[in-house]
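The walk below goes through helix packing and then through the spaces enclosed by the protein, for a reader who wants to follow each residue in the viewer.

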Amino acid sequence: MVVVHPLVLLFDRYRRRAQHYIAKIWATVTISMFYNLEVEGMENLPPNSCPGVYVANHQSFLDIYTLLTLGRCFKFISKTSIFMFPIIGWAMYLLGVIPLRRMDSRSQLDCLKRCVDLVGKGASVFFFPEGTRSRDGKLGVFKRGAFSVAAKTGAPVIAITLIGTGKLMPSGMEGILNSGSVKVIIHRPIQGNDAETLCSEARNVIADTLLLHGYGAH
């Protein structure tokens, strides 16, 4: 990533396809050594040339690794402290991950403005609308930020349900990796210009899928 970064900044500053391709290989190889991954609904993913607002439930530190295997150039939003982790934090910076100071309202506003700008320039963004990892596996309340970006830009919302990552590496127990499998379900894109409606539709489809697999929602 470091070697190709100057060329990426020159020719592909916003999508950073080369960096995401490297990250996909890294994530796929890493995951293959520790757990089985099943992906359903790949046909629902827009091409990389089509910017979108991706959202998913958040259960584990493994969620981002898992999502990188999809091969889409979306920019995650991550709390600033994660950027301090060796290797992982450096890779996040090179991928163009958007930093967020969670309790800072100005940082939140700047983050949303940057997301709108990125989508306008052809890049996709990825939110965990719950704002934090679930400690009991149940889906939390969604914040509207991601859906405001979609409503302002006209980009589709692509909802994704993650199943199993929380059992493999529970929130707050990053030193533990249990055996098992993970399933990723990609739902059909949702279009609209009302943030509240987009938020409700995305949460409902993820909640319904979690319920079918034995998880609940708050």
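A good place to begin in this predicted model is the meeting of two helices, where L112, C115, V116 and V119 in α5 are in contact with G145, V149, K152 and T153 in α6. Sorted by class, the residues of this contact of α5 with α6 comprise five nonpolar, two polar and one charged. The axes of α5 and α6 lie 10 Å apart, and the two helices pack at an angle of about 40°. Because that angle falls in neither the roughly parallel range, under 35 degrees, nor the roughly perpendicular one, 65 to 115, α5 counts as oblique to α6. The handedness can be stated as well, since α5 passes α6 in a right-handed crossing.

From α6 the path leads on to helix α8, residues 195-212, which packs with α6 at an angle of about 125°, the axes being 8 Å apart. That angle makes α6 oblique to α8, and the crossing of α6 and α8 is right-handed. On the α6 side the contact is made by F147, S148, A150 and A151, and on the α8 side by A195, L198, C199 and A202. Seven of the residues in this contact of α6 with α8 are nonpolar and one is polar, while none is charged.

A further helix pair brings in α2, which spans residues 17-32, and α4: their axes come within 9 Å and cross at roughly 145°. Here α2 passes α4 in a left-handed crossing. The residues that meet are Q19, H20, A23 and W26 of α2, together with I88, A91, L94 and L95 of α4. In the contact of α2 with α4 there are six nonpolar and two polar residues, and no charged ones.

Several of these helices return when the view shifts from packing to open space. The largest pocket has a volume of about 970 Å³, and of the 38 residues that line this pocket, I77, S78, K79, F128 and G131 are the closest to its centre. Two or more lining residues come from each of the elements α3 (62-68), β3 (74-79), α4 (88-95), α5 (105-120), β5 (124-127) and α6 (145-153), so that helices already met in the packing, α4, α5 and α6 among them, also give residues to the lining of the largest pocket. By class, that lining divides into 22 nonpolar, nine polar and seven charged residues.

What remains is enclosed space: how many cavities of 30 Å³ or more does the model hold? The count comes to one cavity of 30 Å³ or more, and about 40 Å³ of space lies in the largest cavity. Its lining is made by R15, P47, N48, C50, Y54, R72, C73, F74, G122, A123 and S124. Divided by class, the lining of the largest cavity has six nonpolar, three polar and two charged residues.

Terms used: Residues numbered from 1 in each chain as written. Predicted model: local features only at pLDDT ≥ 70, side-chain atom pairs only at ≥ 80, totals over all residues. Heavy atoms only, no water. 1 Å grid on protein atoms, 1.4 Å probe; cavity = no way out; pocket = protein on both sides within 12 Å on 5 of 7 lines; lining within 4 Å. Points joined across faces, edges and corners; volume = space filled by probe spheres on them. Helix = DSSP H or I, 4+ residues; strand = E, 2+ residues; numbered from the N terminus. Nonpolar A, V, L, I, M, F, W, Y, C, P; charged D, E, K, R; others polar. Axes fitted to C-alpha atoms, helices over the stretch in contact; angles between N-to-C directions. Parallel < 35°, antiparallel > 145°, perpendicular 65-115°, else oblique. Left-handed = near helix turned anticlockwise from the far one by under 90°. Contact = heavy atoms within 4.5 Å.
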